[in-house]
Each structure stands twice: as C-alpha cells, then as structure tokens.
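Hi,

Here's the structure I said I'd pass along. Have a look at it first, and then read my notes underneath.

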Amino acid sequence: MPAPSPEAAAHGERVAALIRAEIAAAGGWIGFDRYMELALYAPGLGYYTAGARKFGGDSEGGDFVTAPEISPLFAQALAAQVAQVFEHVPPRIVEFGAGTGRLARDLIDALDARGAAVENYSIVELSADLRERQRNLLADARVQWLDSPPRDFAGVIVANEVLDVMPVRLFLREQGRLTERGVTLRDGALAFEGRPADTELAGAVADIEAEVGSLPDGYGSEIGLVARGWMRSASDWLARGALLAIDYGFPRREYYHPQRLMGTLMCHYRHHAHADPLWLPGLNDITAHVDFTTMAQAAHDGGLGVLGYTTQAHFLLNCGLLDRVRRAGTPQAANAAHRLLSEAEMGELVKVLAVGRGIDAALLGFARGDRTHTL
Ligand SMILES: C[S@@+](CC[C@H](N)C(=O)[O-])C[C@H]1O[C@@H](n2cnc3c(N)ncnc32)[C@H](O)[C@@H]1O
C-alpha cells in the first residue's frame with residue numbers, strides 16, 4: 001500500500017482522534033455504521049467531506065474511478081433511458097450524490113444533443129466539499145442544489161454509486177450467537193469487537209435467514225439499513241416518474257450466499273482495494289455492495305413498482321452504447337466501453353434498478369437481459 005504523505009497521515013490522525021473521542025463518550029464501543037458515518041462524512045474531516053482527491057485515474061491521484069468518470073459514453077447511454085421517461089413526465093432530474101458533477105454535466109449535454117433538454121437539474125449532495133466542486137464544474141442556470149430530498153417530485157431521480165457508500169451494520173454468527181461487530185479501543189488503537197445483536201439487527205438477519213436458510217457458524221456480513229431507509233423514503237420524494245439506482249450489488253440470495261463468508265465490505269486507497277476499514281479512517285473510501293432484493297422491497301413497501309433490474313452491461317447495451325462507440329471510432333471510446341461492459345470490470349458486478357410510478361411504458365434499458373425475477 002502506498003504510504004500517505006505526512007499531511008495525509010496527520011489528517012488521518014485527526015479523524016481517528018475524533019472517532020476515539022466518540023467511542024470513549026459512548027462507553028467504549030460504537031456500531032460499525034456509526035464508525036463508517038464518521039470516517040466518510042464527519043463534517044470537514046470525513047473521506048467525502050474533507051477535500052481528499054477521491055475520484056480519478058492513478059495519474060490524477062484519486063482512489064477509485066466511477067463509470068461517469070471513465071467516459072461520457074456512460075451519461076450518453078443513460079440519456080437514452082432518461083429521454084424515454086421524459087416522454088411521460090416533466091423533463092426534470094434530481095441526482096443524489098453527484099461526486100465531481102461529471103455525470104450531471106455529461107447527462108445535461110447528452111439530453112440537449114438528443115433534443116430532450118432537461119428543464120431543471122437538482123442535486124442532493126451530502127458533502128459540502130463536493131458541492132463546491134460541482135458548482136465549479138456546472139455553470140448552467142438549470143442546475144440547483146437542494147438541502148434535502150424533494151417532495152412530490154415528477155421526473156427522473158438518479159443515484160450512481162451512492163447506496164454503496166451508505167453506512168452498514170456488521171453481524172457475525174459465532175457459536176450459535178448473533179453478534180454485532182462494532183469498533184472499540186484496544187491499547188488506544190481502533191479494533192473490532194462484538195456485542196450481542198439488538199432486536200433491529202437480529203430481526204433483519206432473521207429476515208435474511210428466512211429466505212436463504214440458516215447461515216453457518218463463523219458467517220459474517222453486513223446489512224444496509226440506511227440504504228433501505230433511503231429507498232423506503234423514495235416513495236415520498238417521487239410522485240411520478242422513475243428512480244434509477246446504479247451500484248455494485250446482487251439479489252439477496254446471492255449476497256447472503258452461505259459461501260460468501262466475509263460479506264462485501266471493501267476499502268479503496270489510491271486504486272488499491274483492501275479489506276481493513278479501520279486503517280487510516282478518513283483517507284479511505286469504504287463501500288459495501290447493495291442488496292437489491294431489499295431495495296426493491298423497500299421501494300415496493302412505499303408504493304413504488306419495480307420497472308426493471310439488470311446488469312450495467314445489459315442496461316448500457318440496451319441504451320445504445322455500442323452505436324455510440326462505433327460512431328466515436330476511437331481507441332479511447334473502445335477502451336472505455338470495455339471497462340463499462342466487461343464482466344471482469346463493471347459490466348456484471350454493477351446493477352441498475354429502476355423503480356417508479358405512473359410510467360406504463362416498458363423501459364428500454366431493460367429490454368434485453370432483465371433480471372427482475374432474480375430479486
Ligand atoms: C462514490 S461517490 C459517487 C459519485 C458520483 N455519483 C459518481 O458516480 O461519480 C458517492 C457520492 O454520494 C454522496 N453521498 C453519500 N451519501 C449520500 C446521501 N445520503 N445523500 C446524498 N449524497 C450522498 C457522496 O458525498 C458522494 O458524492
């Protein structure tokens with residue numbers, strides 16, 4: 001792992017000090033969800049809130065690359081789907097977690113080019129630092145920032161790689177007991193420690209076991225209750241239209257497969273993936289895959305219907321990505337398409353879930369390869 005610069009190490013130490021103080025104030029232990037919230041979003045200190053470089057290629061000094069950062073082809077393909085929904089709802093978009101603002105910029109341009117111009121593009125962004133970055137990139141009068149999610153919105157909601165950075169709770173089955181893995185201090189250092197699971201966590205694990213069968217001893221994983229709550233709230237936000245959630249994840253049966261003994265928690269530091277979220281808090285991205293069955297159920301509980309679920313590769317192909325690559329005719333476009341579509345990269349691991357109400361047309365992004373039946 002590349003060593004952090006002295007400034008970065010000092011920043012990491014400030015984040016760790018904040019977390020140690022919170023653990024002490026809480027009596028010696030905090031749940032992993034609270035740890036993740038602090039490490040990623042503590043105001044002015046967390047990974048997403050403190051101005052670290054985060055996104056971009058190796059040469060740009062980032063930690064990871066998302067699909068919209070790879071190429072505008074992603075936004076151009078997405079625009080085909082958005083334009084189809086615009087035939088049924090006002091041409092408005094709300095994007096959650098817009099990162100650098102690249103997807104917003106490219107999506108607006110692609111919709112303009114298709115003659116399906118967006119009238120209003122709103123961004124809900126948790127990080128003040130990223131909001132600033134987005135403002136610098138998006139000098140378009142149609143773009144605005146919301147301090148809270150919309151209500152009774154008609155249009156399209158987009159969230160790319162947002163659900164996988166929402167805090168998760170960790171559980172472990174050991175010797176017949178169910179424990180919650182949280183964070184404590186051992187000789188002054190951050191360390192994992194289990195506590196008996198509370199009723200909320202035990203109930204969520206029981207729901208999983210009711211579907212996938214008993215999980216074996218030694219089995220540990222995570223549960224995204226924040227993401228579930230977010231999707232449940234989406235029904236209050238969306239009066240008419242579609243919400244497209246694009247993220248790493250699987251249906252529940254695959255997620256909590258008895259052989260996936262260690263869950264999906266993953267950290268990214270300068271393009272190195274590692275599995276120790278307690279290492280240098282505030283300097284690493286921490287992610288967990290999305291349980292799309294739970295997401296579909298949460299949307300359904302709120303009164304939204306599932307409009308489609310498929311892999312990123314199928315979605316982008318259905319939206320005409322290859323035509324665009326052919327038209328571009330450059331090695332860069334071919335290389336970007338490979339990264340977006342390849343099973344070994346994002347094509348299979350990343351899924352697209354569309355939920356919504358008031359749209360009776362079949363969405364074109366799911367025309368071939370729809371996997372709703374697997375949820
Ligand atoms: C991994 S980045 C993805 C950024 C961008 N969508 C992309 O694909 O490049 C996650 C983004 O979601 C934001 N975020 C996380 N939780 C959020 C929430 N509950 N509401 C709004 N934004 C959130 C982060 O601050 C960050 O901008």
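Below is what I found, starting with the ligand and ending with a small sheet.

One thing up front: this is a predicted model, so please read everything here in that light.

The ligand has 20 residues around it, and the ones that come nearest are Tyr48, Thr66, Gly97, Glu125 and Asn160. Three of these give polar contacts worth pulling up on screen. Glu125 has a side-chain N or O atom 2.5 Å from an oxygen atom of the ligand. Thr66 also uses its side chain, with an N or O atom 2.6 Å from a ligand oxygen. With Gly97 the backbone is involved: one of its polar backbone atoms is 2.7 Å from a nitrogen atom of the ligand. As for cover, on its own the ligand has 600 Å² of accessible area, and the protein covers 95% of that. Sorted by class, the shell is made up of 12 nonpolar, five polar and three charged residues.

Now the sheet. It is open, has three strands in the order S12-S11-S13, and the pairing is antiparallel. S12 (272-274) and S13 (285-287) are the edge strands; each has a single partner strand, so one side of each has no neighbour in the sheet. From one strand to the next, the twist averages 25 degrees.

If you want to zoom in on one pair, try S11 (residues 266-269) with S12: they pair antiparallel over three bridges. There you'll find Cys267 opposite His274 in S12.

Shout if anything looks odd on your end.

Cheers

Note on methods:
Residues are numbered from 1 along each chain as its sequence is written. This is a predicted model: local features need pLDDT of at least 70, side-chain atom pairs count only at pLDDT 80 or more; totals for chains, interfaces and linings use all residues. Side-chain values use heavy atoms; hydrogens and water are left out. A residue is near a molecule or strand if one of its heavy atoms lies within 4 Å of it. A polar contact is a pair of N or O atoms within 3.5 Å; within protein, one must be able to donate a hydrogen and the other to accept it, and residues adjacent in sequence count only if both atoms are side-chain atoms. Accessible areas come from the Shrake-Rupley method with a 1.4 Å probe; for residues, only the protein chains shown count as cover. Ala, Val, Leu, Ile, Met, Phe, Trp, Tyr, Cys and Pro count as nonpolar, Asp, Glu, Lys and Arg as charged, and the others, Gly among them, as polar. Two strands pair if DSSP finds at least two bridges between them. Helices (H or I, at least four residues) and strands (E, at least two) are DSSP runs, numbered from the N terminus. Axes are lines fitted to C-alpha atoms, for helices over the stretch in contact, and angles run from 0 to 180 degrees between N-to-C directions.
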